Amino acid sequence: MNCLSCEAKCRKFGTHRNGLQRFRCPKCGKTCTEDHKRLFAPMIVPEDKALLAIQLLIEGTSIRSTERVTGLHRDTIIRLLVLAGERCIKFMDSKMRDLRCKRIQSDEIWTFVGKKQRNVGFEDAEEMGDAWVFVAIDPDTKLIPTYVVGKRDRATTNFFLLTLHDRLAPEHRFQLSTDGFHFYQRGVEDVFAGQADFAQIIKIYGDHGQHDAAGRYSPAPMIETIIRIRDGRPDPRYISTSHVERQNLTMRMAIRRFTRLTNAFSKKLDNLKAACALHFAYYNFCRAHQTLRCTPAMEAGIADHIWKLEEILSTQV
């Protein structure tokens, strides 16, 4: 670097106590230090505590538990979550391009914001009530190419399919399996226009026959499964939603605000979106899958190493 006073070329002169390189001017003798780059700027919070807080959130710890462990205020932790989530969204938008997934499974997982739908009043904000996360997964590489948070309606379904279309390579043909949600049928036809071999799996459930307190939380038995070929010629061997339904369990276990029968729900929609972005970025690029022995991004060929969390967050600084 050049001297700020005489503009002469400086020489290296040891390191600062925080590890940054120091320089000294050979003409005027003044010293200076390279620019300080804070990982969580504009927030002024110790980097080690901030990374610990985010790692705890990734592992399914609640906000208040993270507050007790790290000593950071819960409002600071939430701001860190939103900041990290925004950077993860930008990171995945840049990396998840021109994917060549042979098979895609998609499903929706339920949660709520603020209060459950039955308690929403006319005076509440539009984001309050039920919220759904549309998730797509490649069962071969375990990669999550896209997800969308919103209501379970036509607009969210079409936006989810358009996002999936943008992430895939142009003119790439693949097989798509979904559940029986009726908006998929017209949405896939409009978005992919014959590019996808599309099939739906319709599961019919019966009454569990239990009316006691324990039976309210037990799943109803599945009595029939109907497979509908909607477009193209999908391979019957791979018409399934088992992998994406298993991914729903991963979300329930790894994201505290998705845990049922607790008070750890999302108070704001932005917090829910940030938590999902942080989870999927970490899942795709940082955590080695047990069966793959590498990350899904490495298996899909869009990464050449296991990313560290601070690497992902620093790419948008």
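Which residues does Arg-167 touch, not counting residues up to four places away in sequence? Select Arg-167 and let's find out. This is a predicted model, in which local features need pLDDT of at least 70, side-chain atom pairs count only at pLDDT 80 or more, and totals for chains, interfaces and linings use all residues. Residues are numbered from 1 along each chain as its sequence is written, and side-chain values use heavy atoms, with hydrogens and water left out.

**Stop 1: Arg-167**

You are in helix H4, residues 154–167. Helices (H or I, at least four residues) and strands (E, at least two) are DSSP runs, numbered from the N terminus. Now show the neighbours: Arg-167 touches Met-92, Asp-93, Met-96, Arg-97, Asp-98, Leu-99, Pro-145 and Thr-146. Contact here means heavy atoms within 4.5 Å. Arg-167 is buried, with a relative accessible area of 8%. Buried means under 20% relative accessible area, exposed over 50%, and partly exposed in between (1.4 Å probe, protein chains only).

**Stop 2: strand E6**

From Thr-146, move on to strand E6, residues 146–150. Five of its five residues are buried, so the strand is largely enclosed by the rest of the structure. In a regular strand the side chains alternate between the two faces of the sheet. Turn on the side chains: Thr-146, Val-148 and Gly-150 point one way from E6, while Tyr-147 and Val-149 point the other way. Next, add strand E5, residues 129–137, which pairs with E6 in the antiparallel sense over five bridges. Two strands pair if DSSP finds at least two bridges between them. To see one bridge, select Trp-132, whose partner in E6 is Gly-150.

**Stop 3: the aromatic rings**

Select Phe-91 and Phe-285. Rings of Phe, Tyr and Trp (its six-membered ring) pair if their centres lie within 6.5 Å; planes under 30 degrees apart count as stacked, over 60 as edge-to-face and the rest as tilted. By this rule the count comes to twelve aromatic pairs. Phe-91 and Phe-285 form an edge-to-face pair, 4.9 Å centre to centre with 75 degrees between the planes. Phe-91 lies in helix H3 (residues 74–95) and Phe-285 in helix H7 (residues 269–285), so the pair ties together parts that are 194 residues apart in sequence. Both Phe-91 and Phe-285 are buried.

Keep Phe-285 on screen and add Trp-307: these two also form an edge-to-face pair, at 6.2 Å centre to centre and 75 degrees between the planes. Trp-307 lies in the loop between helix H8 (296–300) and helix H9 (309–314), so its pair with Phe-285 of H7 ties together parts that are 22 residues apart in sequence. Trp-307 is buried too, with a relative accessible area of 13%.

For a group of rings, select Phe-134, Phe-160, Phe-181, Phe-183 and Tyr-184, which ring pairs link into a cluster.

**Stop 4: helices H6 and H7**

Which angle do H6 and H7 make where they pack? Helix H6 (residues 242–254) and H7 pack at about 115 degrees, with their axes 11 Å apart. Axes are lines fitted to C-alpha atoms, for helices over the stretch in contact, and angles run from 0 to 180 degrees between N-to-C directions. To view the contact, select Gln-247, Thr-250, Met-251 and Ala-254 of H6 with His-279, Phe-280 and Tyr-283 of H7.

**Last stop: Glu-171**

Finish at Glu-171, in the loop between H4 and strand E7 (174–179). Glu-171 is exposed, with a relative accessible area of 74%.
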